[in-house]
Amino acid sequence: MKFLTTNFVQCAVQSCARSSDAFPLKYSECQLVQKEIDFDPEFIAHMLQKLDWDALVEVAAELGNSSLPPQKPTIEDAQAAENEQLLRDLHSLLLETQIEQGVMTCKNCGHLYHIKNFIPNFLLPPHLA
Amino acid sequence: MKFLILFAQAHEKFRIHELEALAEVEGLDVDLSGYSDDYPYLEVELASEHDAKRLVSRSFLIRSVYRVFGQGWSYDDVHAQTKGENFEFMGEKSFRFDFMCFQGSRTKDQQVDIINGFRYLNLAGPVRMKKPDVAFTLIEQFGLLEKEPKYIWFTSFVSDSDRHQIDVYNLKKRPFIGTTSFDAEMAFVTCNMAKIQKNDVVYDPFSGTGSFPVAAAYLEAIVFGSDIDIRSLKGYDKNFKFYNREKNLWGVSVMDFTHNALRKDLVFDAIVCDPPYGVREIIKVCGSKNPEKFAGKENVLIDNVPAHLRPEYIHPKRPYSLDLLLSDLLEFAAARLKVKGRLSFWMPLASDDPLSAPTHAKLRIVSSIPQAFNKWQRWLITYEKRPEGELGETKSVESKQAFRAKYFSGFKE
Ligand SMILES: C[S@@+](CC[C@H](N)C(=O)[O-])C[C@H]1O[C@@H](n2cnc3c(N)ncnc32)[C@H](O)[C@@H]1O
């Protein structure tokens, strides 16, 4: 599971749907792996628009990366030299950093989900389905 | 300017719908009323070669497009019209002549004679067989066993479509496929019906081996895929790596569609899928068949950890109906698509069953197109989310549960 995916998944339990605590999930016991992916600055700049920045900063910190700026950066020219380092860092964090194993916990209901072999599993047990 | 679109001689019922969607995507106002499923040709008026290229270059059911200079039932007609055209644009441009003969052929000598007939064009540039600036093309339609063509177009080649990608994306060439994989050609057509474009956010909630996400990623969309069955997801990213689209895959997870874990404020530009219909894979959701049996099970501990929270826990499933699943799908699409975003999905039926596509007040049905197989058919149904405040009629879903029964009884009834 790409680090990026943490920005798009929340608790699957029905009663958590409206809770603001159901996203992002809390990440623990994670094993991270770096996988090389081609760098495309335009794509990363576009990706920024789709991100929930607060959630990104929060999850990155849980996984040991506290270097993200607190506010979402605005990138006007993805090819400009002064933006390259930031875009490369984001590329490396969002796309290349992948979670091989780990636990995701809902901060609202406390239910936990597993990531195994890079795939997160959001299936629910009968009493929560 | 007049152009001639040449369609692939396949999937006749889908061709015009794909072209309509592409014209809308490109914002081209073009009259397509001359189309007929019976012919692979369509003449259209467009402002420029550039527009013609935009119109067809992303199609999978068109072969190519040509600019028309003259046409008719005989070469006299063709020359009469061509002489009225202005060829100043040729200047010193290099050129060659090609022949495309349908249901007939031409000998080399005949070709030379015909080409000589165009001497009046006074072309100043050089003849170049390899990559000329302009490839004049004589398109000739013969009648069965006739020596002379019935109809002729004198054209220049403008653009090919994207149809050659069907071969590149052929399932046989992919590192990872399964029994549910969907053929590349129709997966691409599905994406075009859903108007998927670069950087769009696209979701396949029943993604299995990822046939639709792979096709959408080819179109440079951002894709999410999920499936209730982990087995099909295990080689998922291999295909994205193979086609160099790893960056386009933003999330793949094990998920019961009816208990969705994608964040609620994520807006989709398109949803494309092939829902389970109970033949090769059963329709199931999380939960237990008899809840009494499971009462209190959430308190079972193994090594002091609740059993259902352990990594190796197997989530019980219960059967679900296709009708319910489809109405969940429409409800989800209505809530999560952007306005004018599209849902395109496939629905199988026995050959003689009439289609009754499910409806939703917030979704307009764009088209329902059948693809016939031996004893069954599948329909591609496309919906578009209506603008806020505009509501259509809802029709409750009629039972299509019979499909599975009919499939297994060999469609005898
Ligand atoms: C017709 S297959 C689609 C296959 C896919 N297009 C592919 O490329 O392999 C339907 C899929 O739906 C999945 N499925 C069945 N019930 C589901 C549910 N409740 N939630 C999510 N997926 C489900 C099945 O596991 C199966 O992979």
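Student: How many residues of chain B are in contact with residues of chain A?

Tutor: Contact here means heavy atoms within 4.5 Å. By that rule, 43 residues of chain B touch 38 residues of chain A. Keep in mind that this is a predicted model, where local features need pLDDT of at least 70 and side-chain atom pairs count only at pLDDT 80 or more, while totals for chains, interfaces and linings use all residues. As for bookkeeping, residues are numbered from 1 along each chain as its sequence is written, chains are lettered from A and ligands numbered from 1 in the order in which they are written, and side-chain values use heavy atoms, with hydrogens and water left out.

Student: How much area do chain B and chain A bury between them?

Tutor: The size of an interface is often given as the accessible area lost when the parts come together. Buried area is that loss of accessible area (1.4 Å probe), summed over both parts. Chain B and chain A bury about 3,500 Å² between them, and 65% of it is on carbon and sulfur atoms. On the chain B side, B:Lys247, B:Trp250 and B:Arg263 supply 23% of the area buried against chain A, more than any other three residues.

Student: Which residues form a salt bridge between the chains?

Tutor: A salt bridge needs a side-chain nitrogen of Lys or Arg within 4 Å of a carboxyl oxygen of Asp or Glu. The count between chain B and chain A is one, out of 24 over all chains. B:Lys247 pairs with A:Asp40 at 3.9 Å, N to O. Helices (H or I, at least four residues) and strands (E, at least two) are DSSP runs, numbered from the N terminus. B:Lys247 sits in the loop between helix H9 (236-242) and E9 of chain B, and A:Asp40 in the loop between strand E1 (26-34) and helix H1 (41-50) of chain A.

Student: OK, over to the ligand. Which residues are closest?

Tutor: A residue counts as near if one of its heavy atoms lies within 4 Å. The ligand has 23 residues around it, the closest being B:Thr180, B:Thr209, B:Ser211, B:Asp227 and B:Lys284. Helix H7 (211-218) and strand E11 (284-286) of chain B each give at least two residues to that shell.

Student: Where do polar atoms come in, and how much of the ligand gets buried?

Tutor: A ligand oxygen is 2.7 Å from a side-chain N or O atom of B:Asp227. One ligand nitrogen is 3.0 Å from a side-chain N or O atom of B:Asp256, and a ligand nitrogen is 2.7 Å from a polar backbone atom of B:Lys284. Accessible areas come from the Shrake-Rupley method with a 1.4 Å probe; for residues, only the protein chains shown count as cover. Taken alone the ligand exposes 600 Å², and the protein buries 98% of that.

Student: What about odd backbone geometry: which peptide bond is cis?

Tutor: Most residues other than glycine have a negative phi, and most peptide bonds are trans. Here the bond from A:Phe23 to A:Pro24 is cis, with omega near -10 degrees, and A:Pro24 lies in the segment before E1 of chain A. A:Asn117 is not a glycine, yet has a positive phi of about 50 degrees; look for A:Asn117 in the loop between strand E3 (112-116) and strand E4 (119-121) of chain A.

How values were computed. A polar contact is a pair of N or O atoms within 3.5 Å; within protein, one must be able to donate a hydrogen and the other to accept it, and residues adjacent in sequence count only if both atoms are side-chain atoms. Buried area is the accessible area (1.4 Å probe) that two parts lose on being put together, summed over both.
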